[in-house]
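The following exercises are to be worked with the sequence and the coordinates at hand. Each task is followed by a solution in steps.

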Amino acid sequence: NRGDLELAIAELRSGAEINKESPALYQRIGETALKLDKTDDAIKAFERALALQPQSPALVDGLSRAFYVKAQKESAG
């Protein structure tokens, strides 16, 4: 499963290189990175998506979740 998600992120990043103005691609990268506990990658993806589509509640929620998960990991470590 982890390998499939890694492959999915690689494919999404390829798509994002072609279409740099698609917040949906960056949102999917962020959501998939969260599933893999790659919080820094998720935060970067959600921030990029928000730069393209400000005031999107779904993107703000995703970024908030990424920061929350990162804070939990740091407090446990």
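**Exercise 1.** What percentage of the 77 residues in the protein chain is buried?

*Solution.* The model is a predicted one, in which local features need pLDDT of at least 70 and side-chain atom pairs count only at pLDDT 80 or more, while totals for chains, interfaces and linings use all residues. Residues are numbered from 1 along each chain as its sequence is written, and side-chain values use heavy atoms, with hydrogens and water left out.

Step 1. Fix the classes: buried means under 20% relative accessible area, exposed over 50%, and partly exposed in between (1.4 Å probe, protein chains only).

Step 2. Apply the first class to the protein chain: buried residues account for 32% of its 77 residues.

Step 3. Turn to the surface. The accessible surface of the protein chain is about 4900 Å², and carbon and sulfur atoms hold 51% of that area. Such areas come from the Shrake-Rupley method with a 1.4 Å probe; for residues, only the protein chains shown count as cover.

**Exercise 2.** Describe the secondary structure and the overall dimensions of the protein chain.

*Solution.*
Step 1. Helices (H or I, at least four residues) and strands (E, at least two) are DSSP runs, numbered from the N terminus. By this rule the protein chain has 4 helices and 0 strands, and its pattern along the sequence reads α-α-α-α.

Step 2. The radius of gyration is 12 Å, close to the 11 Å from the globule rule for 77 residues, so the protein chain is as compact as a globular protein of that length. The radius is taken over C-alpha atoms, and the rule is 2.2 Å times the number of residues to the power 0.38.

Step 3. Along the principal axes, the C-alpha atoms fill a box of roughly 40 × 30 × 15 Å.

Step 4. Consider contacts (heavy atoms within 4.5 Å). Of those between residues at least 6 apart in sequence, 47% join residues at least 24 apart.

**Exercise 3.** Assess the confidence of the model and the placement of its charges.

*Solution.*
Step 1. pLDDT is the predictor's confidence in each residue, from 0 to 100. Its average over the protein chain is 95, and 100% of the residues score at least 70.

Step 2. Confidence is lowest in helix α1 (residues 2–18), with a mean of 94, and highest in helix α3 (residues 39–52), with 97.

Step 3. Lys and Arg count as positive and Asp and Glu as negative; His and the chain ends are not counted. Each charge is placed at NZ of Lys, CZ of Arg, CG of Asp or CD of Glu. The protein chain carries 11 positive and 12 negative side chains, and the centres of the two sets are 1 Å apart.

**Exercise 4.** Where do D37 and Q55 lie, and what is their backbone phi?

*Solution.*
Step 1. Most residues other than glycine have a negative phi.

Step 2. D37 is not a glycine, yet its phi is positive, at about 60°. D37 sits in the loop between α2 (23–35) and α3 and is partly exposed, with a relative accessible area of 47%.

Step 3. Q55, also not a glycine, has a positive phi of about 70°. Q55 belongs to the loop between α3 and α4 (57–76) and counts as exposed at 73% relative accessibility.

**Exercise 5.** Characterise the surroundings of G30, A49 and T39, and then examine G77.

*Solution.*
Step 1. G30, in helix α2, is buried at 0% relative accessibility. Beyond four places in sequence, G30 touches A42, A45 and F46. The C-alpha atoms of G30 and F46 are separated by 5.7 Å, with their positions 16 residues apart along the chain.

Step 2. A49 lies in helix α3 and is buried, at 0% relative accessibility. Apart from residues up to four places away, A49 touches P23, Y26, Q27 and L59. A49 and A24, 25 residues apart in sequence, are 7.2 Å apart from C-alpha to C-alpha.

Step 3. T39 is also placed in helix α3 and is buried, with a relative accessible area of 6%. Neighbours within four places aside, T39 is in contact with L34, A66, V69, K70 and K73. The C-alpha distance from T39 to V69 is 7.0 Å, although 30 residues separate them in sequence.

Step 4. G77 lies in the segment after α4 and is exposed, at 94% relative accessibility. G77 and L59 are 18 residues apart along the chain, and their C-alpha atoms are separated by 27 Å.
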